[in-house]
Amino acid sequence: MSGPKTDFLSKLGSRLVIGLPMFWLLLFFLVPFLVVLQVSLADLRLAQPPFTPIFEWLDGIPSYVGDLENYEFLFSDDLYIRSYLNSVKIAFISSLACLIVGYPIAYVIARADDALRNTLLLLVILPFWTSSLLRIYALIGMYSPTGFINSWLISFGLISEPIQLMQTDFAVYSGIVITYLPLMVLPLYAALQKLDEDLLEASADLGAGPLKTFWQVTLPLSLPGILAGCLLVFIPAVGEYIIPALLGGSGQLMIGKTLWTEFFNNRDWPLASAVAMVMLAVLVIPMMLLRNAQSQEGRS
Amino acid sequence: MANTEASGGQSAFLSIRNICKEFSGVRAVNDVDLDIQQGEFFCLLGGSGSGKSTLLRMIAGLEKPSSGTIRIDGQDITETPAWSRPVNMMFQSYALFPHMSVEKNIGYGLRQDKWEKAEAEARVSELLELVQMKEYGKRKPHQLSGGQRQRVALARALARKPKVLLLDEPLSALDKKLREDTQRQLVAIQKEIGTTFIMVTHDQEEAMSIATRIGVMDNAKLIQVDTPRELYEKPANRMIAGFVGQVNIFEGQVSGSGKNQTIQSKDTGNALEVLGEHDLADGQTVWVAVRPERLLIKTRAKGRAAAAPNKAAGRVTDIMYLGNITHFEITLKSGKHVRLTISEHWDEEEATVRLGDRVEISFEKRAAVLLTR
Amino acid sequence: MGKRHPLILLTAAFGYAILYVPIFIMMIYSFNASRLVTVWGGWSTRWYGELFQNGQIGDAAWVSLVVAFGAAVVGTVFGTLIGYALARIGRFRGRLLLSGMATAPIVMPEVVTGLSLLLLFISMENLIGWPAGRGLTTVIIAHGTFCMAYVAVIIQGRLSDFDTSIEEAAMDLGARQPWIFFQVTLPVIMPAIIAGWLLSFTLSFDDLVIASFVNGPGSSTLPMVIFSKVRLGLTPEINALATIMVAVVAVGVIGANLLARRQVKTQKRLQKS
């Protein structure tokens, strides 16, 4: 049936289908990291581009002249270490907050009847399609000293002076929560929806009340969703720039903001590259965990 | 109508009164009364949507009755939540907790009841022994075969020593061969521990071979409660007669009254006679049910009508030889098809019947059941 | 059975509230007559008028639309190829690499992606002279790269909902490979392709961080203009702009959802009859 011509065509087709995106991603995704690595080993100079090459022709031989100076500097100045630690802390607390807010939502959606479930799910997905910058902006309208919350509290006589909501850790946490809540709810919902109602009934039948059933059956069986959701929030939150820039205080260190400042304000590209490489090193384990969790999800 | 016989004088172990269940205006269970004695193996038999599973789930406490009461051992449990009822259920899907080992699954109910650790362990291994799963205690449910899962589900449901064990189509996921073995095991286990079993099934053969008594449900109502033999021989209506095994039903018209009352059938072209006194009205339509193996057959000369009560003339239109038994299909003169089964010990005359032969079929009065519905 | 415990409903309602209350308040205040963003001065559409007079915002919006369109096309074409390769071309060399590279951009911190692409563009310019400077092209390439990751996930998911039997049936009926793809596979995954294109468009249209790294002079995108204004405080024009953007997205997403639901309903009805 399939002649040599078809074979040739379909083989060529497969090669193209795989080859074209592969080439694109190698060039625009993988190679850039090698460039970042290269720049992170270079030195700052006042020229265009503002970094030295790491290979030079010395006596006619190409020689490696890069060094780890930038990395040494990162670990000697506690500004950077504190930025990393604070980013991880804020991302961790935000993931927990997201989980606490997101779990009841996912639970209610998973247990709702068909018509309502669609609507509730849509209401979670909708913000994901709207600009996160604008959602952060809307939050500023709530939190600013003359913002909605403060003017509301003052008008009801609960406080006399505006309370400080902006430029606090709380503002950053809540910004991360409203930005990444959909990413938490969706995997939780997927896990809870797979949960067989019979298991909950069996648990009740065997003597466990609703709370015990939740702890012993529902929660353990939704652990894959919890893990995936927390990682989906944690990973981007560590490198977040917009939220700390708009909602956080100037003294609040987050690594995304530090990288931005090094790059745009200090124009120290080699140091910014080193910051990026260390950030990737920090995130590589969570990323692998996420990939693992998702491929497990795919298999079951 | 349902059941009064078993309740006798003393009150029953499980007693259900006037139970109803509505789902958004639709009655799934309609005014059911049922009494079940301690140690019975009771089967609820019915088609899908008949309300049998809903009734079972109400006993388990997984559905709340719209009205009516449920008592177990003299105690009203209608309002008791599922987790504090002295009944346990074996789910159709088995509902084994996928994140727990076999042992943990079986011990789940014991942990809820705060059993001593040593006692609970002893109980779990006792149950593993009972269902012949001793070597599989550490396995997870997904590492077991269908039959093994079924046994774990049984052990788990028995762990808390429930007063009544409910089984919701427990064998429907198994293939035919395994199902028959498991039926025998279930009966043996029930006899051994003496717990009251209530099983829901849509498979009449299963119900007939397992149950001490069967309750037949149809269209949200409990139609008849009887032993398998009574149900087979004295079905309450045509639906039940057809449901429990194959049956031939002859329609007839009552004429006259008192001693002279007769039933004339267009199906047989003759009168129908049955044993006993029946209170029938002139002109009423009734049906007479006869099991295929209770029909008699003999060849008939051409043109000779079979003019006598409980007889009919026809032709053999199909013969299926199955070794120990032979099925005949006979088309009567009225056009009605009749099924007839002969076991291997047939007499001389029956042995000569061939396909296409003119035959006369007949049945004895005591083989016939009169049905008014 | 505690499914609908009031406490659970209440906390879920709280979750929805924190998603929506700030946006609703912002939308209401976009109709505020007062220049002071947080003081209510009566209803007015004044800021919408001023918004349309604002040339800077208009230019940036045009740049963003062009970029989003280009990035969505690039992302959809390549993303569909990746999704198809991963779902339908069983084993091939580099499969793990491709699937890894296809999903990693989704979780990569934006600052890292932006920085790495900028450094790549500069190095390429030094080596081969292309791309000459930064501008629309570099932003489209950068956005297209992370968009294709999302599209690949959507397409792969859609394809795994259908088993290969439809394609095998086409082959059995005498069709050959390039035509099978265009006549059978492509129509089947078309809804997913459209969804992927729309998602790519919005993701690109909303991106601030990556665009900030790889853009050039004169190619400021709308989020970049918004960001620079927001840093200086609340402005009523941004309220109006945000209201329009949120409304457009909401109408689009809800409309698409209703359409999809109607399709599902007709399918169900057809299956029944």
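Here are some exercises with worked solutions on a predicted model.

**Exercise 1. Get to know chain B**

Describe the make-up and extent of chain B, and say where pLDDT stays under 50.

*Solution.* Start with the secondary structure: chain B has nine helices and 20 strands. Next, take its extent along the principal axes, where the C-alpha atoms fill a box of roughly 85 × 45 × 40 Å. Then turn to burial: 40% of the 373 residues of chain B count as buried. For the contacts in chain B between residues at least 6 apart in sequence, 66% join residues at least 24 apart. Finally, look at the confidence. Chain B has a mean pLDDT of 86, with 94% of its residues at 70 or more. The stretch to treat with care is residues 1-9 of chain B, over which pLDDT stays under 50. For these residues the model has 15 contacts beyond four places in sequence.

**Exercise 2. Sort out the chain contacts**

Work out which pair of chains shares the most contacts, and describe the sides of chain B and chain C that touch chain A.

*Solution.* Two pairs of chains are in contact, and of these chains A and C share the most contacts. Here 66 residues of chain C are in contact with 76 residues of chain A. Elements of chain C that give two or more residues to this side include α1 (6-29), α3 (55-88), α8 (177-206) and α11 (236-272). The largest share, 13 residues, comes from α1(C). By residue type, the side of chain C that touches chain A divides into 50 nonpolar, eleven polar and five charged.

Now do the same for chain B, where 16 residues are in contact with 15 residues of chain A. On this side of chain B, β6 (87-90) and α2 (102-112) each supply at least two residues. The largest share is that of α2(B), with three residues. The types on this side are nine nonpolar, five polar and two charged.

One pair is left to check: no contact joins chain B and chain C, and their closest C-alpha atoms lie 8 Å apart.

**Exercise 3. Find the nonpolar cores**

Where does the largest nonpolar core lie with respect to domain 1 and domain 2 of chain C?

*Solution.* Begin with the core itself. The largest nonpolar core has 165 residues, and those with the most contacts inside it are A:Val275 and C:Leu115. Both domain 1 (22-53) and domain 2 (54-233) of chain C give residues to this core, so the core lies between them. The C-alpha centres of these two domains of chain C lie 35 Å apart.

Next, zoom in on A:Val275. Leaving out residues up to four places away in sequence, A:Val275 touches A:Leu74, A:Tyr80, A:Ile255, A:Thr258, A:Leu259 and A:Glu262. Apart from the largest core lies another, of 107 residues, among them B:Leu154, B:Phe197, B:Ala211 and B:Ile297.

**Exercise 4. Judge a helix in chain A**

Decide whether helix α12 of chain A is largely enclosed or left open by the rest of the structure.

*Solution.* List the buried residues of α12(A): A:Ile255, A:Gly256, A:Lys257, A:Thr258, A:Leu259, A:Trp260, A:Glu262 and A:Phe263. Helix α12(A) spans residues 255-265, and eight of its eleven residues are buried, so α12(A) is largely enclosed by the rest of the structure. After α12(A) comes A:Arg267, whose phi is positive, near 50°.

**Exercise 5. Trace strands in chain B**

Identify the partners and the two faces of β19(B), then find the edge strands of the five-stranded open sheet.

*Solution.* Strand β15 (residues 296-299) of chain B runs antiparallel to β19(B), joined by four bridges. One of the pairs is B:Thr299 with B:Val359. Strand β16 (residues 311-321) of chain B is also antiparallel to β19(B), through five bridges, and B:Arg315 stands opposite B:Arg358. As for the faces of β19(B), B:Val359 and B:Ile361 make up the covered one, while B:Arg358, B:Glu360 and B:Ser362 make up the uncovered one.

Now take the open sheet, whose strands follow the order β13-β12-β11-β14-β20 in chain B with antiparallel pairing. Strands β13 (271-272) and β20 (369-371) of chain B each have a single partner strand, so one side of each is left without a neighbour in the sheet. At the β13(B) edge, two bridges link β13(B) to β12 (residues 262-264) of chain B, and B:Gln264 stands opposite B:Ala271.

How values were computed: Residues numbered from 1 in each chain as written. Chains lettered and ligands numbered in written order. Predicted model: local features only at pLDDT ≥ 70, side-chain atom pairs only at ≥ 80, totals over all residues. Contact = placed C-beta atoms within 7 Å. Nonpolar A, V, L, I, M, F, W, Y, C, P; charged D, E, K, R; others polar. Buried ≥ 20, exposed ≤ 12 C-beta atoms within 10 Å, placed from the backbone. Pairing = 2+ DSSP bridges. Domains from an automatic or database assignment. pLDDT = per-residue confidence, 0-100. Core = buried A, V, L, I, M, F, W, Y, C linked by C-beta atoms within 7 Å.
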